[in-house]
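With the structure open in your viewer, please follow the stops below in order, selecting the named residues at each one before reading on.

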Amino acid sequence: LAQATHRFMVAPGQDVVGRVQVTVARHEDTFADIARRFNVGYAELVRANPKVDPWLPGEGTQIVLPTEYILPDAPREGLVLNLAAMRLFYYPKRPKNAAKDAPAEVFTHPIGIGMVGWATPEGNTKVVSHVKDPVWTPPVSVRQEHAKEGDILPAKVPPGPENPLGRHMMRLGWPSYLIHGTNKPAGVGLRASHGCIRMYPEDVVVLFDKVAV
């Protein structure tokens, strides 16, 4: 039975976690539904199933789930984002008395990142604050872009179902860049944001409670 897997124990020297799985599409399923159900990104699912229609996979169609992950070649501590794979890895602090050869814990989740022209920055930064039920203040550049298409954004969007930040947000040391939930979960696993890192609402709430400033 296929299942969503996002928490693993990693042995020293281990570079791959999880395993590829297969599920069967339901009558009403789209790839966006299946991706969220199994905690994978939309693009990941499309790449794993190139011959299947992502909008109408069809009841009974076998869907390959890309739930085997290569750990990034980076220090295994804190948050590590692989932008090319559109996937986040979180390594909680190890207990002080843990043996050097003891397995380490890692959580992994799909993310949405910046679209072409609005790239998510690369480098090192920190989580500087947590905000629950945030107010979204669209940057002037974003408001101007939407206005060109006839979509007039308000100066502020209050908490609620219309807020693009969802209910949980973490500010980064890079001004105006955030890790946050979303009111459009189908955009997770795609280059769809203005540079921020989007997560499924159920994923960001777990990270929100685990990741310290």
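Select glutamate 202 first: at 33% relative accessibility, this residue of the predicted model counts as partly exposed, because its value falls between the 20% limit for buried and the 50% limit for exposed. Now add arginine 36, which is likewise partly exposed, with a relative accessible area of 33%. Glutamate 202 and arginine 36 form a salt bridge, in which the closest N and O atoms are 2.8 Å apart. Glutamate 202 belongs to helix α4 (residues 201-210) and arginine 36 to helix α1 (residues 31-37), so this pair ties together parts of the chain that lie 166 residues apart in sequence.

Next, select arginine 37, which is partly exposed with a relative accessible area of 28%, and show its salt bridge with aspartate 29, where the closest N and O atoms are 2.6 Å apart. Is aspartate 29 buried or exposed? Aspartate 29 counts as buried, because its relative accessibility is 3%, and buried means under 20%.

Move on to glutamate 105 and arginine 7, whose side chains meet in a salt bridge at 2.5 Å, N to O. This pair links distant parts of the chain, since glutamate 105 sits in strand β8 (residues 104-110) and arginine 7 in strand β1 (residues 7-10), 98 residues apart. Glutamate 105 is partly exposed, with a relative accessible area of 23%, and arginine 7 is also partly exposed, with a value of 47%. The three pairs visited so far are among the six salt bridges that the structure holds; in general, side chains of opposite charge can pair when their charged atoms come close.

For a stop of another kind, select Val20, Val22 and Val64 together and display the surface: these residues form a nonpolar patch, with about 220 Å² of accessible area together. Within this patch, valine 64 has its place in strand β4. Valine 64 is partly exposed, with a relative accessible area of 31%, and it can therefore be part of a patch, for which over 30% is required.

Finally, colour the chain by pLDDT. Where is confidence highest, and where is it lowest? Confidence is highest in strand β4 (residues 62-65), at a mean of 98, whereas it is lowest in helix α3 (residues 140-148), at a mean of 74. The protein chain averages a pLDDT of 92, and 100% of the residues score at least 70.

Terms used. Residues numbered from 1 in each chain as written. Predicted model: local features only at pLDDT ≥ 70, side-chain atom pairs only at ≥ 80, totals over all residues. Heavy atoms only, no water. pLDDT = per-residue confidence, 0-100. Helix = DSSP H or I, 4+ residues; strand = E, 2+ residues; numbered from the N terminus. Patch = residues over 30% accessible without salt bridge, like charges linked within 9 Å, V, L, I, M, F, W, Y side chains within 5 Å. Areas by Shrake-Rupley, 256 points an atom, 1.4 Å probe, with all protein chains shown as cover. Salt bridge = Lys/Arg side-chain N within 4 Å of Asp/Glu carboxyl O. Buried < 20%, exposed > 50% of the residue type's maximum accessible area, 1.4 Å probe, protein only.
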